[in-house]
Amino acid sequence: RSSWLLLAPLLSPPVPVITAPPCSLCPEGAHRFQWIRNLVPEFGISSSHVKVLSSPAEFYELLKVQIKTAKQRVVMASLYLGTGLLEQELVDCLEETLEQSLQAKGSSNLRVSILLDYTRGSRGRKNSRTMLVPLLQRFPEQVRVSLFHTPNLRGLLRLLIPERFNETIGLQHIKVYLFDDNVILSGANLSDLYFTNRQDRYVLLQDSPEIADFFTELVDAIGDVSLQLQRDDTVQMLEGMVHPYQGDKVAYCEIANRRVMEVINSARTRQELLHAKTFHSSQQGSSVLSQQGSPASGALKPEPDTWIYPLIQMKPFGIQIDEMVTETLLTEAERDARIYLTTGYFNLTQAYMDLILGTRAEYRILLAAPEVNGFFGAKGVAGAIPAAYVYIEHQFYSEVCFLQQQQRVQLQEYSRPGWTFHAKGLWLYLAGSDLPCLTLIGSPNFGYRSVHRDLEAQVAIVTENKALQQQLHQEQEQLYLYSGVVSSSTFEQPNRYVKLWVKLVTPLIKNFF
């Protein structure tokens, strides 16, 4: 297919070879997306294991409940952990669960692994590190805290760029919260705003051991190439590991690539074997499988109607799977298909913009109005960032109008008093369908940073189940409910005035935010 020729330059050697073009396996329905399994592991599950959450409060309560009931593992990857009372309550929950685990068995089976970004997690005197050091001191054998440091922040650059600004070079941006065999995928960080009035997206995958194993291994792999927080709040690398900013950059990135691709490829092989085994056993025992809930079905699981594909993007390590899949989805979207795409920070890559403007599907793009942008009212230079986003939005809207695509490509701004907006992802509705059969959910914002600078992960959830499709549709509708359609008059409002210096500087700095 032509789309694969366009994507050929993105295929670096560590990425699995594509053995079939998209849409050739099963052209109808949800199965048309099975081509994704040529790149990443495919996890088939029952839709009854998927729950879509809608509010920050629901997300926070779920985190606490899951921590309190965890028996084997707690794995949390986030940009940072905040320092307020709500975050302290989470840490207290962890401490309580670890303590109970010790008392129950004398030696605990529970392991806690936390992955954060080094620069963001070290910001200020009271920070993510100081919040977690007490856990390390009390439970040194069970708790691991890894702080990822981008290999691109090194040498003179590292010495000269001040705190906060150093976060523009590259971050650990993955958000995965995992408790035993339950996995929460989100774009939300572990901070009080994300627990109260910062709107995001959240999906819980319950009783999904293979998916939980995959993300545990992924976080372990990134953790192994990260700085390890010590009990005295210092950091050091694992013995024998190349240092991210003191060691050889090429060697470090090669090791990191190898570790992460090992996780992806071994899970892919495991799932292929499982798929083959399940296929043969279902051929023989399909009559038994149809008797769900009967004693005869025993340990047999119902046939999957939902498929989870983890999409990883780590350009510093030469891993571009999420970018490839996203570009292919946009390229392959047919006429009359609808794509609802949302991002808290509207700063699409040129490739994504070209595909949106040059393909056939209808687009409804949801973005943050200036007053619900996370940087609104920030001190110093950061306070001008919402205006920069307005300028980028206006340029894109002008291009849409110039190409006379206003009917096909529509911008909508999320605005809700007292709230900020951080939701990201997309929902794909096939032509003629009122419900989405695919969603992307996770950390990427579809911008330059997500594609080129940061470590990102999301999942593609593909489902044939109408009830889950309905859940995803309601999630989309709920978010778009708080939006208004952008028109030329939007940019004539006084709060959309962009100062000349912002217009001049934005093209120079847009790749950093």
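Author: Two strands pair if DSSP finds at least two bridges between them. Strands (E, at least two residues) and helices (H or I, at least four residues) are DSSP runs, numbered from the N terminus. The model is predicted, with local features requiring pLDDT of at least 70 and side-chain atom pairs pLDDT 80 or more, whereas totals for chains, interfaces and linings use all residues. Residues are numbered from 1 along each chain as its sequence is written, and side-chain values use heavy atoms, leaving out hydrogens and water.

Reader: What makes strand 3 and strand 4 a pair?

Author: Five bridges join strand 3 (residues 73–77) to strand 4, and the two run parallel. The requirement is at least two bridges, therefore they count as paired. Within this pairing, Arg73 stands opposite Arg111 of strand 4.

Reader: How do you know that strand 4 pairs with strand 5, and in which sense?

Author: Six bridges link strand 4 and strand 5 in the parallel sense. One of the matched positions is Ser113, whose bridge partner in strand 5 is Arg144.

Reader: Which strand order does the open sheet of nine strands have?

Author: The order is 2-9-7-6-3-4-5-10-11, with mixed pairing. Strand 2 (50–53) and strand 11 (235–236) are the edge strands, since each pairs on one side only. An antiparallel part of the sheet is formed by strand 7 (residues 182–186) and strand 9 (residues 202–205), joined by four bridges. There, Leu185 has Val203 of strand 9 as its bridge partner.

Reader: Which strands does helix 5 lie across?

Author: Helix 5 (residues 128–138) lies across strand 4 (111–117), strand 5 (143–148), strand 10 (227–229) and strand 11, and runs at about 155° to strand 5. Axes here are lines fitted to C-alpha atoms, for helices over the stretch in contact (heavy atoms within 4.5 Å). The angle runs from 0 to 180 degrees between N-to-C directions.

Reader: Why is strand 18 called mostly covered?

Author: A residue is buried under 20% relative accessible area, exposed over 50% and partly exposed in between (1.4 Å probe, protein chains only). In strand 18 (residues 425–429), five of its five residues are buried. Gly425, Trp427 and Tyr429 lie on one side and Leu426 and Leu428 on the other, with both faces covered.

Reader: What are the bridge partners of Tyr340 in strand 18 and of Trp427 in strand 19?

Author: Tyr340 is partnered by Trp427, and Trp427 by Thr439. Strand 14 (residues 338–343) and strand 18 are antiparallel, with five bridges. Three bridges join strand 18 to strand 19 (residues 438–442), also in antiparallel fashion. In that second pairing, Leu426 stands opposite Leu440.

Reader: What makes strand 19 mostly covered?

Author: Five of the five residues of strand 19 are buried. Leu438, Leu440 and Gly442 point one way and Thr439 and Ile441 the other way. Strand 19 is also joined by five bridges to strand 20 (residues 456–463), running antiparallel, and Leu438 is opposite Val462.

Reader: How do you know where the buried residues of helix 14 fall?

Author: The buried residues of helix 14 are Leu468, Gln469, Leu472, His473, Glu475, Gln476, Leu479 and Tyr480. Seen down the axis, they fall within an arc of 155°, so they line one face of helix 14. The arc is that of the directions from the helix axis to the C-beta atoms. On the other side, Lys466 and Ala467 are exposed.

Reader: Why is Asn166 called buried or exposed?

Author: Asn166 has 14% relative accessibility and therefore counts as buried. Asn166 sits in the loop between helix 6 (155–160) and strand 6 (176–179). Beyond its neighbours within four places in sequence, Asn166 is in contact with Thr119, Leu153 and Ile161.

Reader: What class does Leu403 belong to, and why?

Author: At 35% relative accessibility, Leu403 falls between the two cut-offs and is therefore partly exposed. Leu403 belongs to the loop between helix 12 (385–402) and strand 16 (409–414).

Reader: How many of the residues of the protein count as buried?

Author: Of its 513 residues, 57% count as buried. The secondary structure comprises 15 helices and 21 strands.
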